[in-house]
Amino acid sequence: MLPLLMMVTGIAVDLGKAYAVRSKAQSALDAALLGAVSTAASTPVQAEAQQLFNANYPARYMGSVISNFSVLQSGGAYNGRVQVKVPFSIMGMFGNKDASF
């Protein structure tokens, strides 16, 4: 019964951590795109968005690793993408090392 209880606790803790990281990354990406697009006439959007994202998302937030940051323009709309990898704390003992989104 104890391993099952640990697994359920691990799922709750690690999924809560992943949700918090995803929420923080989404907020930082939204802020970065809004700020970068507002200065698009004077600065490159990709570079400005990257700087704003870095300012709003702390490095290694909850152990996460950021990669593949990009800003794409389609018509008059801008879309941002970022890949986040979050290491699991408890679920790592059961073979699940991380979550990626």
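How many salt bridges does the structure hold? In this predicted model, the structure holds 1 salt bridge. It is formed by Lys85 and Asp98, whose closest N and O atoms are 3.7 Å apart. Because Lys85 belongs to strand β2 and Asp98 to strand β3, the pair ties together parts that are 13 residues apart in sequence. Lys85 is partly exposed, with a relative accessible area of 40%, and Asp98 likewise counts as partly exposed, at 35% relative accessibility.

**Helix α1 and what covers it**

Helix α1 takes in residues 2-38, and for its 37 residues a rise of 1.5 Å a residue predicts a span of 54 Å, which agrees with the 54 Å found between its end C-alpha atoms. The buried residues of this helix are Gly10, Asp14, Lys17, Ala18, Val21, Ala25, Ala28, Leu29, Ala32, Leu33 and Ala36. The elements that cover these buried residues include α2 (45-56), β1 (65-74) and β2.

Two of the buried positions in α1 carry side chains that a biochemist may wish to look at individually, namely Asp14 and Lys17. Asp14, found in helix α1, is buried, with a relative accessible area of 1%. Leaving aside residues up to four places away in sequence, Asp14 touches Phe88, Ser89, Ile90 and Met91. By contrast with these contacts, the C-alpha atoms of Asp14 and Gln83, which are 69 residues apart along the chain, are separated by 18 Å.

Lys17 is also found in helix α1, and with a relative accessible area of 17% Lys17 is buried, since the cut-off for that class is under 20%. Where does the side chain of Lys17 reach a backbone oxygen? The side chain of Lys17 reaches the backbone oxygen of Pro87, at 3.0 Å. Beyond residues up to four places away in sequence, Lys17 touches Met62, Val86, Pro87 and Ser89. The C-alpha atoms of Lys17 and Val86 are separated by 8.1 Å, although the two residues are 69 residues apart along the chain.

Tyr19, another residue placed in helix α1, is exposed, with a relative accessible area of 62%. Tyr19 and Phe94 are 75 residues apart in sequence, and their C-alpha atoms are 20 Å apart in space.

**The loop between α2 and β1**

Is Ser64 buried or exposed? Ser64, which is found in the loop between α2 and β1, is buried, with a relative accessible area of 2%. The side chain of Ser64 makes a polar contact of 2.6 Å with the side chain of Tyr57. When residues up to four places away in sequence are not counted, Ser64 touches Val21, Tyr57, Val84, Lys85, Val86 and Pro87. Among these neighbours, Val21 is one of the buried residues of α1, and Lys85 is the residue that forms a salt bridge with Asp98.

Met62 lies in the loop between α2 and β1 and is one of the residues that Lys17 touches. Met62 has a positive phi value, as does Asn68 in strand β1, and the two are set side by side below.

| Residue | Place | Phi | Relative accessibility |
|---|---|---|---|
| Met62 | loop between α2 and β1 | near 50° | 39%, partly exposed |
| Asn68 | strand β1 | near 55° | 55%, exposed |

For Met62 the positive phi occurs in a residue other than glycine, and for Asn68 the positive phi is again in a residue other than glycine.

**A nonpolar surface patch**

Which residues make the nonpolar surface patch of about 760 Å²? The patch is made by Leu2, Leu5, Met6, Met7, Ile11, Leu15, Met93 and Phe94. Among its members, Met93 lies in the loop between β2 (77-87) and β3 (98-100) and is exposed, with a relative accessible area of 57%. Phe94, also part of this patch, is the residue whose C-alpha atom was given above as 20 Å from that of Tyr19.

Notes:
Residues are numbered from 1 along each chain as its sequence is written. This is a predicted model: local features need pLDDT of at least 70, side-chain atom pairs count only at pLDDT 80 or more; totals for chains, interfaces and linings use all residues. Side-chain values use heavy atoms; hydrogens and water are left out. Patches are made of residues with over 30% relative accessible area and no salt bridge: like charges are joined within 9 Å, nonpolar side chains (Val, Leu, Ile, Met, Phe, Trp, Tyr) within 5 Å. Accessible areas come from the Shrake-Rupley method with a 1.4 Å probe; for residues, only the protein chains shown count as cover. A salt bridge is a side-chain nitrogen of Lys or Arg within 4 Å of a carboxyl oxygen of Asp or Glu. Helices (H or I, at least four residues) and strands (E, at least two) are DSSP runs, numbered from the N terminus. Buried means under 20% relative accessible area, exposed over 50%, partly exposed in between (1.4 Å probe, protein chains only). The expected span of a helix is 1.5 Å times one less than its number of residues. Contact means heavy atoms within 4.5 Å. A polar contact is a pair of N or O atoms within 3.5 Å; within protein, one must be able to donate a hydrogen and the other to accept it, and residues adjacent in sequence count only if both atoms are side-chain atoms.
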